[in-house]
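Thanks for making the time this morning. I would like to walk through one strand and its neighbours, and then turn to the cysteines.

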Amino acid sequence: MLQNDDLRLEEKNLKLEEIQYQIEDWQLRLNKLTSQLSMAATEKEQLAFESQIATVKKDIENNEALYFEKLEKSEEIQNQIKENEEFIKGSLTTLESIKKEVQENVTKEQTIIDNRNKRIESLIDLCHPSLKSLYLELEKKFSPKSRPVGYLIDKKCNACHMLTDSMLKNSLDEGRSIETCPNCGRLLIPETARVY
């Protein structure tokens, strides 16, 4: 919008109306001189009027040329202002469209997050009370930076990369016990559970 304000100021500075009034004044002066020419009594007066008429005609021509030059510039400025306004209107429409699309995506993603959180809460509720309390304690310890659960991948905790012994891996894979990482303390889940 600032550019349009600058263009309007530039157009105002062309002073088209002022030039038009000057042309009208020169035209009135020419008409008056032309009527006085016929009343000239001497040849000297006639030559003086003719000289003044030629000068006024030249001034009118110059002012008309200047007027049309500035009129053309004014039309260019008006076209630029119109293009700018159409661009701004189009940009605002595009912006609104993008905002709407982003809001729809945010709403959709938030729904997915909410559904997953509800699923997690329902799974936690299904857990044995001692496992549930352990999970909630670990969740407080590791939130919000990371999760309280780590996967055991090739005998390593994927969170802290600590290598564990084969007995812990076998016990976890067979589902005989609930294990925590000896280093970071996260609940360990076998790698096979990642697909679920």
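Which residue in S2 does leucine 152 stand opposite? It is cysteine 157, and before I build on that I should say that this is a predicted model, in which local features need pLDDT of at least 70 and side-chain atom pairs count only at pLDDT 80 or more, while totals for chains, interfaces and linings use all residues. Residues are numbered from 1 along each chain as its sequence is written, and side-chain values use heavy atoms, with hydrogens and water left out.

Strand S1 covers residues 149-153, where a strand is a DSSP run of E with at least two residues, numbered from the N terminus. Four of its five residues are buried, so S1 is largely enclosed by the rest of the structure; buried here means under 20% relative accessible area, exposed over 50%, and partly exposed in between, with a 1.4 Å probe and protein chains only.

Strands count as paired if DSSP finds at least two bridges between them. S1 pairs with S3, residues 187-190, in the parallel sense over four bridges, and there tyrosine 151 faces isoleucine 189. With S2, residues 156-157, S1 runs antiparallel over two bridges, and in that hairpin, which has two residues between the strands, aspartate 154 takes a positive phi near 50°.

Now to the cysteines: cysteine 157 is buried at 0% relative accessible area, whereas cysteine 160 is partly exposed at 24%. The closest cysteine sulfur to that of cysteine 157 is in cysteine 160, at 3.8 Å, which is too far for a bond. For cysteine 160 the closest is in cysteine 181, at 3.5 Å, again too far. With a disulfide defined as a pair of cysteine sulfur atoms within 2.5 Å, the structure holds zero disulfides.
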